[in-house]
Amino acid sequence: MKSIKTILPRAAMLLLVFTVICGVLYTALVTGLAQLLFPQQANGSIITVDGKKYGSALLGQQYTDDAHFWGRIMQLDVSTFQDENGTPLLYAAPSNLSPASETYRALVAQRIEKIRKANPAMQEDAIPVDLVTSSGSGLDPHISPAAAAYQVARVADATGKSEADIRTILAKCTKDKFLGVFGQKTVNVLQANLMLDGIL
């Protein structure tokens, strides 16, 4: 039977070897390959124009003015985190509200009222559900083509652009189903808004 004196050095050596392999070499290899093969994705899919960063194509941005497309409801909070100067940091998080709760119903009703008021030309049309609900992450950067189309008249009025021009922008920002089969078509809100502003 092996003694503890012979087992411990071997165990320590195995720990050291696997720490180097899994914690250092593997991490360096995967990070290096990601930077080499997919640098845009590896660095957060940041939309950068002329050296200025406008945000990640993977994270929702909050727009509330009439001249831009609105995304999904974001659960914003400034009460938890602060920077080194004590300034509250804004962040979004998923909601744990039940769809059956009164708070959730009130939130959706408030959003419906806001959407209806902002889009008077669409009073006879049903509001796409993704404009009045939040995603599981609370940071969804996409809306459905129907949700984008619902806002075209408002955005055209506010920007002075024609509805045809707005629809052309939306077509450029619409991503098809994954492999043409899985999921749904989506519109990236940040990309569409940057194109509205003439940045992209």
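At what angle do helix H5 and helix H6 pack, and how far apart are their axes?

**View 1. Packing of helix H5 on helix H6 in the predicted model.** Helix H5 (residues 152-159) and helix H6 (residues 163-173) pack at an angle of about 115 degrees, and their axes lie 9 Å apart; axes here are lines fitted to C-alpha atoms, for helices over the stretch in contact, with angles running from 0 to 180 degrees between N-to-C directions. Helices (H or I, at least four residues) and strands (E, at least two) are DSSP runs, numbered from the N terminus. To the contact, defined by heavy atoms within 4.5 Å, H5 contributes Val 152, Ala 153, Val 155, Ala 156 and Thr 159, while H6 contributes Glu 163, Ile 166, Arg 167 and Leu 170.

The model is a predicted one, in which local features need pLDDT of at least 70 and side-chain atom pairs count only at pLDDT 80 or more, whereas totals for chains, interfaces and linings use all residues. Residues are numbered from 1 along each chain as its sequence is written, and side-chain values use heavy atoms, with hydrogens and water left out.

**View 2. A salt bridge within helix H6, between Arg 167 and Glu 163.** The structure holds three salt bridges, a salt bridge being a side-chain nitrogen of Lys or Arg within 4 Å of a carboxyl oxygen of Asp or Glu. In this one, the side chains of Arg 167 and Glu 163 meet at 3.8 Å, N to O, and the two residues are four apart in H6, about one turn of the helix. Arg 167 is partly exposed, with a relative accessible area of 43%, and Glu 163 is likewise partly exposed, at 37%; buried means under 20% relative accessible area, exposed over 50%, and partly exposed in between (1.4 Å probe, protein chains only).

**View 3. A salt bridge within helix H3, between Glu 102 and Arg 105.** The side chains of Glu 102 and Arg 105 come together at 3.2 Å, N to O. Because these residues are three apart in helix H3, about one helical turn separates Glu 102 from Arg 105. Glu 102 counts as exposed, at 57% relative accessibility, whereas Arg 105 counts as partly exposed, at 48%.

**View 4. Arg 72, Asp 140 and the surroundings of Asp 130.** Arg 72 forms a salt bridge with Asp 140, with the closest N and O atoms 3.6 Å apart. This pair links distant parts of the chain, since Arg 72 lies in the loop between strand E2 (52-56) and strand E3 (76-77) and Asp 140 in the loop between helix H3 (102-118) and strand E5 (142-143), 68 residues apart. Asp 140 counts as partly exposed, at 25% relative accessibility. Asp 130, found in the loop between H3 and E5, counts as buried, at 11% relative accessibility. Leaving aside residues up to four places away in sequence, Asp 130 touches Arg 72, Ile 143, Ser 144 and Ala 147.

**View 5. The open sheet of strands E5, E7 and E6.** Three strands in the order E5-E7-E6 form an open sheet with antiparallel pairing, where two strands pair if DSSP finds at least two bridges between them. E5 and strand E6 (174-175) are the edge strands, each pairing on one side only. E6 and strand E7 (residues 186-188) pair in the antiparallel sense over two bridges, and the bridge partner of Lys 175 in E7 is Thr 186. Helix H7 (residues 189-196) packs on the sheet, touching E5 and E7, and its direction makes about 50 degrees with that of E7.
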